[in-house]
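Please walk through this model with me, starting from a single residue and moving outward to the sheet and the core. The text follows the chain contacts step by step.

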Amino acid sequence: MLKVLFFAQTRELIGQDEIELNAEFADAEAVRAHLSQKGDKWALALQKGKLLVAINQSLQPLETAVHSGDEIAFFPPVTGG
């Protein structure tokens with residue numbers, strides 16, 4: 001099982017803070033692609049190239065392997081002003 005968290009605009013677009021997935025995925029990109037297929041708002045919120053991912057609270061590339069029990073967080077890049 002994977003625990004998937006959503007933050008900031010990503011959370012606002014899909015309307016959920018977190019979900020659990022009981023499937024196996026090779027990497028965080030496979031999780032992103034799977035969730036993007038849930039509908040238009042999911043695809044918009046999880047656009048490749050406009051998203052950061054943390055695995056077990058450590059910022060990682062989307063190509064990082066994931067394993068059962070991992071926590072994956074998706075969020076947009078943060079900008080200051």
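Ser 36 is buried, because its relative accessible area is 15% and the cut-off for buried is under 20%. The model is a predicted one. Ser 36 belongs to helix α2. Leaving aside residues up to four places away in sequence, Ser 36 touches Trp 42, Ala 43 and Leu 46.

Leu 35 precedes this serine in the numbering and belongs to the residues at the centre of the next topic, the nonpolar core. With residues up to four places away in sequence again left out, the contacts of Leu 35 are Val 4, Phe 6, Ile 19, Leu 21, Trp 42, Leu 46 and Phe 74. Trp 42 and Leu 46 are also among the residues that Ser 36 touches.

The largest nonpolar core has 20 residues, and those touching the most other members are Phe 6, Val 31, Leu 35 and Phe 74. Two or more residues of this core come from each of β1 (2-6), β2 (18-21), α2 (28-36), α3 (40-45), β3 (52-55) and β5 (71-75). In soluble globular proteins, nonpolar side chains tend to be buried together.

Which aromatic pairs does the structure hold? There are 2 aromatic pairs. Phe 6 and Trp 42 make an edge-to-face pair, with 5.7 Å from centre to centre and 85° between the planes. This pair links distant parts of the chain, since Phe 6 is in strand β1 and Trp 42 in helix α3, 36 residues apart. Phe 6 has a relative accessible area of 1% and is therefore buried. Trp 42 is buried as well, with a relative accessible area of 5%. The ring centres of Phe 6 and Phe 74 are 6.5 Å apart and the planes stand at 20°, so this pair is stacked. Phe 6 lies in strand β1 and Phe 74 in strand β5, so the pair ties together parts that are 68 residues apart in sequence. Phe 74, like Phe 6, is buried. Through these ring pairs Phe 6, Trp 42 and Phe 74 are linked into a cluster. Trp 42 has a further partner: the charged end of Lys 38 sits over the ring of Trp 42, 4.8 Å from its centre.

The strands that carry these rings belong to an open sheet. The sheet has 5 strands in the order β2-β1-β5-β3-β4, and its pairing is mixed. β2 and β4 (58-60) are the edge strands, each pairing on one side only. On average, neighbouring strands are turned by 30° against each other, direction ignored. Helix α2 packs on the sheet and touches β1, β2, β3 and β5; the direction of α2 makes about 60° with that of β5.

Taking the sheet from the β2 edge, β1 and β2 run antiparallel and are joined by 4 bridges. The bridge partner of Leu 5 in β2 is Glu 18. On its other side β1 pairs with β5 in the parallel sense, over 4 bridges. Here Leu 5 stands opposite Ala 73, and Lys 3 stands opposite Glu 71. Strand β1 has 4 of its 5 residues buried, so it is largely enclosed by the rest of the structure.

β5 is also mostly covered, with 5 of its 5 residues buried. Both faces of β5 are covered: Glu 71, Ala 73 and Phe 75 are buried on one side, and Ile 72 and Phe 74 on the other. β5 and β3 run antiparallel and are joined by 4 bridges. Ala 73 in β5 is the bridge partner of Ala 54. Ala 54 also stands opposite Leu 59 in β4, where β3 and β4 pair in the antiparallel sense over 3 bridges.

One residue of α3 gives a contrast with the buried ones. Asp 40 lies in helix α3. Is Asp 40 buried or exposed? Asp 40 is exposed, because its relative accessible area is 71% and exposed means over 50%. Asp 40 and Gln 57 are 17 residues apart in sequence, and their C-alpha atoms are 27 Å apart in space.

Notes
Residues are numbered from 1 along each chain as its sequence is written. This is a predicted model: local features need pLDDT of at least 70, side-chain atom pairs count only at pLDDT 80 or more; totals for chains, interfaces and linings use all residues. Side-chain values use heavy atoms; hydrogens and water are left out. A nonpolar core is a set of buried Ala, Val, Leu, Ile, Met, Phe, Trp, Tyr and Cys residues joined through side-chain atoms within 4.5 Å. Buried means under 20% relative accessible area, exposed over 50%, partly exposed in between (1.4 Å probe, protein chains only). Contact means heavy atoms within 4.5 Å. Rings of Phe, Tyr and Trp (its six-membered ring) pair if their centres lie within 6.5 Å; planes under 30 degrees apart count as stacked, over 60 as edge-to-face and the rest as tilted. A charge sits over a ring if NZ of Lys or CZ of Arg is within 6 Å of the ring centre and within 35 degrees of the ring normal. Two strands pair if DSSP finds at least two bridges between them. Axes are lines fitted to C-alpha atoms, for helices over the stretch in contact, and angles run from 0 to 180 degrees between N-to-C directions.
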